[in-house]
Amino acid sequence: MSTKPKLYYFDGRGKMESIRWLLAAAGVEFEEEFLETRDQYEKLLQGGSLLFQQVPMVEMDGMKMVQTRAILSYIAAKYNLYGKDLKERALIDMYVGGTDDLMGFILMFPFLSAEDKEKQHALIIQKATSRYFPVYEQVLKDHGQDFLVGNNFSWADVHLLEAILMVEEKKSDVLSGFPQLQAFKARISSIPAIKKFLEPGSQRKPVPDDKYVETVRRVLRMYYDVKAN
């Protein structure tokens with residue numbers, strides 16, 4: 001029996017992508033089972049694997065874990081990406097929480113109507129450049145270290161790089177006013193495990209397309225349009 005973590009989700013980003021990123025950053029190989037039909041999803045439900053009747057679900061270390069934040073916390077702690085003490089863990093949680101808020105605007109984007117996508121695009125850039133990126137720019141400037149917390153590579157760094165790249169997909173020069181974040185992006189991207197994950201052929205997923213959206217809607221029976229904030 002394989003000892004690799006097994007990820008149950010769609011063949012696309014969604015909430016599972018941050019889990020893929022963190023496992024990759026830890027140098028952990030993983031397997032994936034992509035949900036393509038309602039029957040697959042129903043089987044997981046009937047088998048009791050989905051505690052709250054939702055994915056992502058990760059099978060790892062004899063557990064079937066759900067709730068994205070719980071999964072990420074477990075991985076971060078297991079692979080020493082969660083700080084050296086409670087104070088550092090609190091900082092990591094704060095930074096990850098802030099980054100999550102920004103990423104939330106992007107995760108819903110593929111499911112919006114064309115009209116709402118235009119509004120959401122502007123909102124994503126506005127939030128990134130006026131609320132979230134300035135925080136991390138100042139943190140890096142104030143402590144003058146390579147990483148966000150304790151001058152050690154952590155979950156907070158992985159999450160922020162993922163978010164930066166997602167926003168850059170919406171506006172390629174979004175970091176033009178953030179020199180600290182430009183340098184941070186270059187540093188984190190050059191870490192061997194991250195560099196490998198960013199290369200073609202990795203398990204990193206592309207920008208969600210219409211096929212991904214249709215699959216999610218069909219499997220989860222989402223017969224409505226998501227509304228922009």
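This is a short tour of a predicted model, moving from its two domains to single helices, strands and residues.

Begin by colouring residues 6-79 together with 199-220 as domain 1, and residues 86-191 as domain 2, since these are the two parts into which the protein is divided. If you mark the centre of each domain, taken over C-alpha atoms, you will find 22 Å between the two points.

Now turn to the place where the domains meet, where 20 residues of domain 1 are in contact with 18 residues of domain 2. About 1500 Å² is buried between the two domains, and 67% of this area lies on carbon and sulfur atoms. Three salt bridges are counted between domain 1 and domain 2. On the domain 1 side, the elements that each give two or more residues to this meeting surface are helix 1, helix 3 (68-78) and helix 9. Select Arg-13 and Glu-169 as well, which form a salt bridge whose closest N and O atoms are 2.8 Å apart.

Next, select helix 1, residues 17-25, and ask how many of its nine residues are buried. Nine of the nine are, so this helix is largely enclosed by the rest of the structure. Among the buried residues are Arg-20, Trp-21 and Leu-22. After helix 1 comes Gly-27, which has a positive phi near 75°.

Move on to helix 9, residues 210-220, whose buried residues include Tyr-212, Val-213 and Arg-217. The buried residues of this helix pack against strand 1 (6-9) and helix 2 (38-46). At the N-terminal end, Asp-209 acts as a cap, with a side-chain oxygen 3.2 Å from the backbone nitrogen of Lys-211. Just after the helix you will meet Arg-221, with a positive phi of about 55°.

From strand 1, step across to strand 3, residues 57-60, which runs antiparallel to strand 1 and is joined to it by three bridges. Here Tyr-8 has Met-57 as its bridge partner, while Met-57 also stands opposite Val-66 in strand 4. Strand 3 and strand 4 (residues 63-66) are themselves an antiparallel pair with four bridges, and in their hairpin, which has two residues between the strands, Asp-61 takes a positive phi near 55°.

Finally, select Glu-168, which lies in helix 6 (residues 155-168). Is this residue buried or exposed? Glu-168 counts as buried because its relative accessibility is 16%, which is under the 20% cut-off. Apart from neighbours within four places in sequence, Glu-168 is in contact with Val-174, Leu-175 and Lys-185.

Conventions: Residues are numbered from 1 along each chain as its sequence is written. This is a predicted model: local features need pLDDT of at least 70, side-chain atom pairs count only at pLDDT 80 or more; totals for chains, interfaces and linings use all residues. Side-chain values use heavy atoms; hydrogens and water are left out. Buried means under 20% relative accessible area, exposed over 50%, partly exposed in between (1.4 Å probe, protein chains only). Contact means heavy atoms within 4.5 Å. A polar contact is a pair of N or O atoms within 3.5 Å; within protein, one must be able to donate a hydrogen and the other to accept it, and residues adjacent in sequence count only if both atoms are side-chain atoms. Two strands pair if DSSP finds at least two bridges between them. Domain bounds come from an automatic or database domain assignment. Buried area is the accessible area (1.4 Å probe) that two parts lose on being put together, summed over both. A salt bridge is a side-chain nitrogen of Lys or Arg within 4 Å of a carboxyl oxygen of Asp or Glu.
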